[in-house]
Amino acid sequence: MLEHDDIARRIPHQASMCLLDRVTSWDTGQISCEASSHLSPDNPLRSHGRLGAACGIEYAAQAMAVHGALIAEASAGEAQHGPQIGYLASVRSVMLHVERLDDLDMALLIRAERMSGDDSTILYSFTVHGGPVLLLSGRTVVVLNAANLALPGRSNQPALPLPVHPL
């Protein structure tokens, strides 16, 4: 089990933007995390005094970022190069089952499962629960090292960074 400080050392999100409290389990195909930062009045994702359910996507994205870092650490080949930088490029099939997260009085349970992937993209599915209640779910595509990808029609030149969310 990893705690908040262990997570913060592995992802770019720092201070109050590191939303996860702990990693409860993981393997190469999935990760499960817990968070209570949705209850904090100074949560950086709050807007107009509330934390909308769609903010759960960021919790899932951070779980994916930790997952990638843990896999890189566990892999002898990746250990020399460090984890790759990932960007949240697409979010699909998102189902919000509640309006907000900040009115729950329990920890969020975040699970991300790696569905497929290669050296440049990874497809994850994710769920966020409050106890036994499903709060939101969806799928994401993570692009790895986006600056190294070629734009269509420019296969010999690296692409400009994509306007996507870094994990």
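Let's start with a word we'll need a lot: a residue is called buried when its relative accessible area is under 20%, exposed when that area is over 50%, and partly exposed in between. Take R10: with a relative accessible area of 24%, R10 is partly exposed because that value falls between the two cut-offs. Keep in mind as we go that the model is a predicted one.

R10 is a good place to begin the tour, since R10 has a partner. Side chains of opposite charge can pair when their charged atoms come close. Here R10 forms a salt bridge with E73, and the closest N and O atoms of the two are 2.8 Å apart. R10 sits in the loop between helix 1 (4–8) and strand 2, while E73 belongs to helix 2 (residues 56–74), so this pair ties together parts that are 63 residues apart in sequence. Like R10, E73 is partly exposed, in this case at 44% relative accessibility.

How many salt bridges are there in the model? The count comes to 6. Another of them joins E3 and R22, with the closest N and O atoms 3.6 Å apart. This pair also links distant parts of the chain: E3 is in strand 1 (residues 2–3) and R22 is in strand 2 (residues 22–27), 19 residues apart. E3 counts as partly exposed at 36% relative accessibility, and R22 counts as partly exposed too, at 24%. The story doesn't stop with two residues, though: E3, R22 and E34 are linked in a network of salt bridges.

One more pair is worth a look. R100 forms a salt bridge with D102, and here the closest N and O atoms are 2.7 Å apart. Are these two residues buried or exposed, or something in between? R100 is partly exposed, with a relative accessible area of 27%, whereas D102 counts as buried at 13%.

Now for the cysteines. The structure holds 0 disulfides. Take C18: the nearest cysteine sulfur belongs to C33 and is 9.9 Å away. A disulfide needs the two sulfur atoms within 2.5 Å, so C18 and C33 don't make one. Seen from the other side, C33 has the sulfur of C18 as its nearest cysteine sulfur, and C33 is in no disulfide either. Both residues are tucked away from the surface: C18 counts as buried at 3% relative accessibility, and C33 counts as buried at 2%.

Next, find S37 in the loop between strand 3 (30–35) and helix 2. S37 is buried, with a relative accessible area of 14%. What does S37 touch, leaving aside residues up to four places away in sequence? The list is L19, N43 and Y59. With Y59 there is something extra, as the side chain of S37 makes a polar contact with the side chain of Y59 at 2.8 Å.

Finally, let's look at two spots in the backbone. A15 is not a glycine, yet it has a positive phi of about 55°. You'll find A15 in the loop between helix 1 and strand 2, and A15 is exposed, with a relative accessible area of 65%. S93 is not a glycine either, and its phi is positive as well, at about 50°. S93, however, is found in strand 4 (residues 86–96), and S93 is partly exposed, with a relative accessible area of 47%.

Key. Residues are numbered from 1 along each chain as its sequence is written. This is a predicted model: local features need pLDDT of at least 70, side-chain atom pairs count only at pLDDT 80 or more; totals for chains, interfaces and linings use all residues. Side-chain values use heavy atoms; hydrogens and water are left out. A salt bridge is a side-chain nitrogen of Lys or Arg within 4 Å of a carboxyl oxygen of Asp or Glu. Helices (H or I, at least four residues) and strands (E, at least two) are DSSP runs, numbered from the N terminus. Buried means under 20% relative accessible area, exposed over 50%, partly exposed in between (1.4 Å probe, protein chains only). A polar contact is a pair of N or O atoms within 3.5 Å; within protein, one must be able to donate a hydrogen and the other to accept it, and residues adjacent in sequence count only if both atoms are side-chain atoms. Contact means heavy atoms within 4.5 Å.
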